[in-house]
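Visitor: Could you take me on a close look at a single part of this model? I would like to follow one sheet and the helices that go with it, step by step.

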Amino acid sequence: RSAHEGACGDAVEQFCDCFGNAHLLLCDGMGVGRPAAIDGTLAATLAARLLKAGFCADSAARLVNVALSLKSDEESGATMDLVSVDLYTGRANLFKAGACPTFVIRGGKAHVLDGSSLPVGILEQVVGQQDSTNLHEGEWIVLVSDGALLDGSGWLCQQLELCAACGNTPQETADIVADMARNRLGSQHPDDITVAVLSLERAVK
C-alpha cells in the first residue's frame, strides 16, 4: 500500500533457486515517493539476482551496498529483509539490514524475531544481522515494512493469530493486515506499507 500514488518505496521478490531454497525478500527504500521506489527496487532486484546465482546473503548485501553508494551523489539507502528456507529440511535463515522484526506464526501464536542493524547504502560496510529457525508444515513467516508498524506491533501479532485461527490464506492474511495498518493510520498514512507472508506446506504426501 503506497503512501503516494504511482510510487512505492517497498519492493518484494519471491523465488526458488536451483539449490533447493525458497527466498522471500523485502527491501524498503528510505523515505517515500520516486527516490525511495528507485532505491527499494534496485536493492531488491540486484539482491534477487545475486541470490539466484548462488551468493550468500552477506555477500549479496555487500554488493547491493556498493551499488547504492555508487548510484548517485545523493545519499541512497534501503533496508534488506530476507528469509531463505531450505525446502528439504525446513531450516529458515534470516538476514536483516535495517529491517523490521520478523513474525513467526507457530502453533497459532505469533513470535517476534528482532535485532539491531542498519540499512544498506548508508555506511561503507554492511551492518547486518543473521538468525535462523526451524519451520514446520503450516507455519508462517511474516515480513513487514516499517509503515505497517507505525502504530506498534501488538495489534499486528493479535491479527496474525486471528487470521491463522480463521484459516485465512497467506495472501488473504497479507491483504487484511496491510489494510488494517493503513486504516489505523488514516487516509494520510506517512509511509508505504507492505506485508509478505510465507507458509511452509508439504509438497509430497
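Guide: Gladly; what follows is a walk through the four-stranded sheet and its helices, with a short look at the other sheet at the end.

Please keep in mind that this is a predicted model. The sheet is an open one, with its strands in the order β6-β5-β8-β9 and antiparallel pairing. At its edges stand β6 and β9 (195-199), and each of these pairs on one side only. Ignoring direction, neighbouring strands are turned by 25° against each other on average.

Let us start with β5, which covers residues 102-106. How many of its five residues are buried? Four of them are, so the strand is mostly covered. On one hand β5 is joined by five bridges to β6 (residues 109-113), and the two run antiparallel. Within that pairing, Phe 103 has Val 112 in β6 as its bridge partner. The two strands make a hairpin with two residues between them, and Gly 107 in the turn has a positive phi of about 65°.

β5 also pairs with β8 (residues 140-144), again antiparallel, here through three bridges. In this pairing Ile 105 stands opposite Trp 140 of β8. Keep an eye on Trp 140, for we will meet this residue again.

From β8 we step on to β9. Five bridges join these two strands, which run antiparallel. Val 144 has Val 195 as its bridge partner in β9, while Trp 140 is paired with Ser 199 in β9. Trp 140 therefore faces Ile 105 in the pairing of β5 with β8, and Ser 199 in the pairing with β9. Like β5, β9 is mostly covered, with four of its five residues buried.

Now for the helices. Helix α4 lies across β8 and β9, and runs at about 155° to β9. Its partner is helix α3: the axes of α3 (residues 154-166) and α4 (residues 170-185) come within 10 Å and cross at roughly 150°. With angles over 145 degrees counted as roughly antiparallel, α3 and α4 are therefore roughly antiparallel to each other. Their crossing is right-handed.

Which residues of the two helices meet? From α3 come Trp 155, Leu 156, Gln 159, Leu 160 and Cys 163, and from α4 come Thr 173, Ile 176, Val 177, Met 180, Ala 181 and Arg 184. Sorted by class, this contact has eight nonpolar residues, two polar ones and one charged one.

One of these residues, Thr 173, deserves a closer look. Thr 173 sits in helix α4. Is Thr 173 buried or exposed? Its relative accessibility is 0%, so Thr 173 counts as buried. Leaving out residues up to four places away in sequence, Thr 173 touches Trp 140, Leu 160, Cys 163, Asn 168 and Val 197. Here is Trp 140 again, the residue that stands opposite Ile 105 in the sheet.

Across in helix α3 we find Ala 164. With a relative accessible area of 30%, Ala 164 is partly exposed. Its contacts, apart from neighbours within four places in sequence, are Ile 105 and Trp 140. Ala 164 thus touches both members of the pair that stand opposite each other in β5 and β8. The C-alpha atom of Ala 164 is also separated by 9.3 Å from that of Glu 139, although the two residues are 25 apart along the chain.

To set this part in its surroundings, glance at the other sheet. Five strands form an open sheet there, in the order β1-β2-β3-β4-β7, with antiparallel pairing. β1 (10-16) and β7 (129-134) stand at its edges with a single partner strand each, so one side of each has no neighbour in the sheet. The twist from one strand to the next averages 10°. β1 is joined to β2 (residues 21-29) by seven bridges, the two running antiparallel, and Cys 16 stands opposite Ala 22 in β2. Helix α1 (residues 34-52) packs on this sheet and touches β1, β2 and β3 (78-86), with its direction at about 160° to that of β2. Helix α2 (residues 57-71) packs on the sheet as well, touching β3, β4 (91-97) and β7, and its direction makes about 155° with that of β3.

Key:
Residues are numbered from 1 along each chain as its sequence is written. This is a predicted model: local features need pLDDT of at least 70, side-chain atom pairs count only at pLDDT 80 or more; totals for chains, interfaces and linings use all residues. Side-chain values use heavy atoms; hydrogens and water are left out. Axes are lines fitted to C-alpha atoms, for helices over the stretch in contact, and angles run from 0 to 180 degrees between N-to-C directions. Angles under 35 degrees count as roughly parallel, over 145 as roughly antiparallel, 65 to 115 as roughly perpendicular and the rest as oblique. A crossing is left-handed if the near helix is turned anticlockwise from the far one by less than a right angle, and right-handed if clockwise. Contact means heavy atoms within 4.5 Å. Ala, Val, Leu, Ile, Met, Phe, Trp, Tyr, Cys and Pro count as nonpolar, Asp, Glu, Lys and Arg as charged, and the others, Gly among them, as polar. Two strands pair if DSSP finds at least two bridges between them. Buried means under 20% relative accessible area, exposed over 50%, partly exposed in between (1.4 Å probe, protein chains only).
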